[in-house]
Amino acid sequence: MGPFYCPADEKVYIDLGFYDELKTRFKAPGDFAQAYVIAHEIGHHIQNQLGILPAFNQARARMSEREQNRASVKVELQADCFAGVWAHYAQKERDFIEPGDIDEALNAASRIGDDSIQKTMTGRVVPDSFTHGSSAQRQRWFKTGFESGRLGTCDTFKAPSL
Ligand SMILES: [Zn+2]
């Protein structure tokens with residue numbers, strides 16, 4: 001199973017085997033690719049604290065599957081943006097980001113985009129079934145957070161386009 005955040009106990013779960021998969025199967029190697037995955041999951045914790053995740057989980061009961069997928073994409077892209085905000089401050093306050101690190105994160109964001117995964121797994125892409133966003137969208141939102149360093153720029157729910 002892939003990494004996930006559990007709102008009930010407020011913990012992130014990562015089977016470390018996923019990192020092998022990230023490196024070999026998804027072709028997204030690098031320590032910063034791994035950091036991005038953790039930052040994305042912590043992004044869900046922030047959404048939980050801000051009430052975004054509870055509101056989504058409540059609303060989804062009244063949604064069609066298609067609507068649920070669309071809402072899920074917004075939640076996931078916001079977590080990518082929050083991961084970017086983390087990277088912004090990691091750089092600013094601790095200065096530990098090395099050349100190529102951001103590219104590692106962007107490559108990972110791209111490799112685990114729904115379209116990229118679907119293409120690898122089934123050979124075709126079905127946008128209506130996306131739950132995490134396309135490769136381009138995931139890169140875009142990570143970058144948005146990284147460049148701005150502000151949570152307010154991560155409002156995927158109000159964005160005119162994703
Ligand atoms: Zn997620």
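In this predicted model, K27 lies in the loop that links helix α1 (17-24) to helix α2. The phi of K27 is near 55°, which is a positive value in a residue other than glycine, and K27 counts as partly exposed because 14 other C-beta atoms lie within 10 Å, a number between the 12 or fewer of an exposed residue and the 20 or more of a buried one. Most residues other than glycine have a negative phi. E10, in the loop between β1 (4-6) and β2 (11-13), likewise has a positive phi near 55°, but E10 is exposed, since 11 other C-beta atoms are found within 10 Å.

Beyond the loop of K27 comes the pairing of two helices. The axes of α2 (residues 31-49) and α3 (residues 52-59) approach within 4 Å and cross at roughly 80°, so that the two helices are roughly perpendicular to each other. Where they meet, α2 contributes H44, Q47 and N48, while α3 contributes I52, L53 and P54; sorted by class, this contact holds three nonpolar, three polar and no charged residues.

Further along the chain is helix α7, whose 14 residues (135-148) should span 20 Å at 1.5 Å a residue, and the end C-alpha atoms are indeed 20 Å apart, which agrees with that expectation. Several residues of α7 are buried, among them W141, F142 and F146, and the buried residues of this helix pack against α4 (65-94), α5 (101-111) and α6 (114-122). After α7 comes G149, which has a positive phi near 70°.

Methods. Residues are numbered from 1 along each chain as its sequence is written. This is a predicted model: local features need pLDDT of at least 70, side-chain atom pairs count only at pLDDT 80 or more; totals for chains, interfaces and linings use all residues. The expected span of a helix is 1.5 Å times one less than its number of residues. Two residues are in contact if their C-beta atoms, placed from the backbone, lie within 7 Å. Axes are lines fitted to C-alpha atoms, for helices over the stretch in contact, and angles run from 0 to 180 degrees between N-to-C directions. Angles under 35 degrees count as roughly parallel, over 145 as roughly antiparallel, 65 to 115 as roughly perpendicular and the rest as oblique. Ala, Val, Leu, Ile, Met, Phe, Trp, Tyr, Cys and Pro count as nonpolar, Asp, Glu, Lys and Arg as charged, and the others, Gly among them, as polar.
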